[in-house]
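User: Please take a close look at one helix in this model and at the packing around it. Describe its helical partners, the core to which it contributes and the local backbone features nearby in the account.

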Amino acid sequence: MEQVYRLQREVGRGSYGVVFEGHVMETGWWGCRGDTVAIKRLPCGSPESIQLYLQELWAMRATGRRHPNIIALLNCLVQTGPKTLQPLKSDKLPLDLVESALKGRVVDKDSKSQARNTGSAKRCLALWLVMEYCDGGDLNQYMLSRCPDMQRNYEVVQQLSSGMTFLHGLGIVHRDLKPANVLVCVTKTRPVIKIADFGLSKMVEGPTEGERSRLALSSTCGSDFYMAPEVWAGHSYTAQADIFSLGVLFWAVLERITFLEDGSSEEQLGVYVEKGRRIMPLGEALCQNPALQLVIPMRARRASPLPPTLSPDLCALLLDMLAFDPDTRPTALQLQDRTYSAIDTP
């Protein structure tokens, strides 16, 4: 690792892996000397975590660095010993990890064919994903550390809609859209938004538009305050669940709505419903009461100073994105067109 990348500091930690800031040590196909990168270490200790890692790796390879609003995978390294790492070819997967995910148990033995494909007869201990580095942090950190700015808000929602259109066009359903999984690169002219963290993503055959969007998913996954009502209810769902999650993000960004989750002191972008002293995720509230009337815009829940009031077109778009019935929500492609149109309308 030290010959190619140098780890500088830990910048993030989740349930499954740790992310470090790193630097490229020598110019080569892996990067240019001095470049800053993000390096995520994913320990392969359980079949459940391995399955998530393979989903993330597969989805990021599918995007192929082809969209500015999707985090780019620059390199993948396989660790087979304390100091033994080697690059994973773009058309290969560690077969012991695939077998572990399929069998539901960690496979310790490696066959000769696996050795030929991975270049090692040892089991994969960890995957190291090398990605582009985002100096603006996640969407929470970036937006809440700055004063409200409507043009910045517009940049964020436009880029999110563009990224989602690209993902759904590839047949990738993200399934865990939330501020922590949206990263920001700061440039001289504007923020560049990057959808990241594809561990819960699912790839379906072909684009998710039209008839193909009827391909149903069943696993209940995501983060409470951004999950769609059909996911909350435990029903089968489609890529339209991503549109609901994106609607929560749009509303929170445009109106600067924040909350404190139970047990947390960190302010979060998100929308909720009050039930007594409890704040309830929007999807859960709609699951319990599909006829719930959402009030957009909602000035009372915005942190001061307040951004300008939303236009009627943006209010209508948010209501459609947050509809209880997923079939009435716009598709990603429709969303992109309507987002740009609503923002361009005086």
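Analyst: **Helix packing and its surroundings**

Helix H7 (residues 240-255) packs with helix H10 (residues 332-344) at an angle of about 25 degrees, and their axes are 11 Å apart. Axes here are lines fitted to C-alpha atoms, for helices over the stretch in contact, and angles run from 0 to 180 degrees between N-to-C directions. Helices (H or I, at least four residues) and strands (E, at least two) are DSSP runs, numbered from the N terminus. The model is predicted, so local features need pLDDT of at least 70 and side-chain atom pairs count only at pLDDT 80 or more, whereas totals for chains, interfaces and linings use all residues. Residues are numbered from 1 along each chain as its sequence is written, and side-chain values use heavy atoms, with hydrogens and water left out.

H7 and H10 are therefore roughly parallel to each other (angles under 35 degrees count as roughly parallel, over 145 as roughly antiparallel, 65 to 115 as roughly perpendicular and the rest as oblique). H7 passes H10 in a right-handed crossing; a crossing is left-handed if the near helix is turned anticlockwise from the far one by less than a right angle, and right-handed if clockwise. The contact brings Ile243, Leu246 and Phe250 of H7 against Ala332, Leu335 and Thr339 of H10, where contact means heavy atoms within 4.5 Å. The residues of this contact divide into five nonpolar, one polar and no charged (Ala, Val, Leu, Ile, Met, Phe, Trp, Tyr, Cys and Pro count as nonpolar, Asp, Glu, Lys and Arg as charged, and the others, Gly among them, as polar).

H7 also packs with helix H9 (residues 312-321), at an angle of about 145 degrees and with the axes 8 Å apart. Here the crossing is left-handed. From H7, Ile243, Phe244, Leu246, Gly247, Phe250, Trp251 and Leu254 meet Leu314, Leu318 and Met321 of H9. This contact has nine nonpolar residues, one polar and no charged.

H10 has a further partner in helix H5 (residues 150-169): the two axes come within 8 Å and cross at roughly 160 degrees. H5 and H10 are therefore roughly antiparallel to each other, and their crossing is left-handed. On the H5 side the contact consists of Tyr154, Val157, Gln158, Ser161, Ser162, Met164, Thr165 and His168, and on the H10 side of Ala332, Leu333, Leu335, Gln336, Thr339, Tyr340 and Ile343. These residues divide into eight nonpolar, seven polar and no charged. Ala332, Leu335 and Thr339 of H10 thus appear in the contact with H5 and also in the contact with H7.

The helix pairs lead on to the interior of the chain. The largest nonpolar core has 89 residues, and those with the most contacts inside it are Leu127, Phe198, Leu246, Trp251 and Leu282. The largest share of this core, 11 residues, comes from H7. A nonpolar core is a set of buried Ala, Val, Leu, Ile, Met, Phe, Trp, Tyr and Cys residues joined through side-chain atoms within 4.5 Å; buried means under 20% relative accessible area, exposed over 50% and partly exposed in between (1.4 Å probe, protein chains only). Leaving aside neighbours within four places in sequence, Trp251 is in contact with Arg256, Ile257, Val271, Leu282, Leu294, Val295, Ile296, Met298, Leu318 and Leu322. A second, separate core of 10 residues includes Val18, Phe20, Val37 and Leu77.

Two of the partners of Trp251, Arg256 and Ile296, have notable backbone settings. Arg256 lies in the loop between H7 and strand S11 (258-260) and has a positive phi of about 55 degrees although it is not a glycine. The Arg256 residue is buried, with a relative accessible area of 11%. Ile296 is joined to Pro297 by a cis peptide bond, with omega about 0 degrees, and Pro297 is placed in the loop between helix H8 (282-288) and H9.

For the wider setting, the protein chain has 10 helices and 14 strands. Of its 346 residues, 53% count as buried. Among contacts between residues at least 6 apart in sequence, 64% join residues at least 24 apart.
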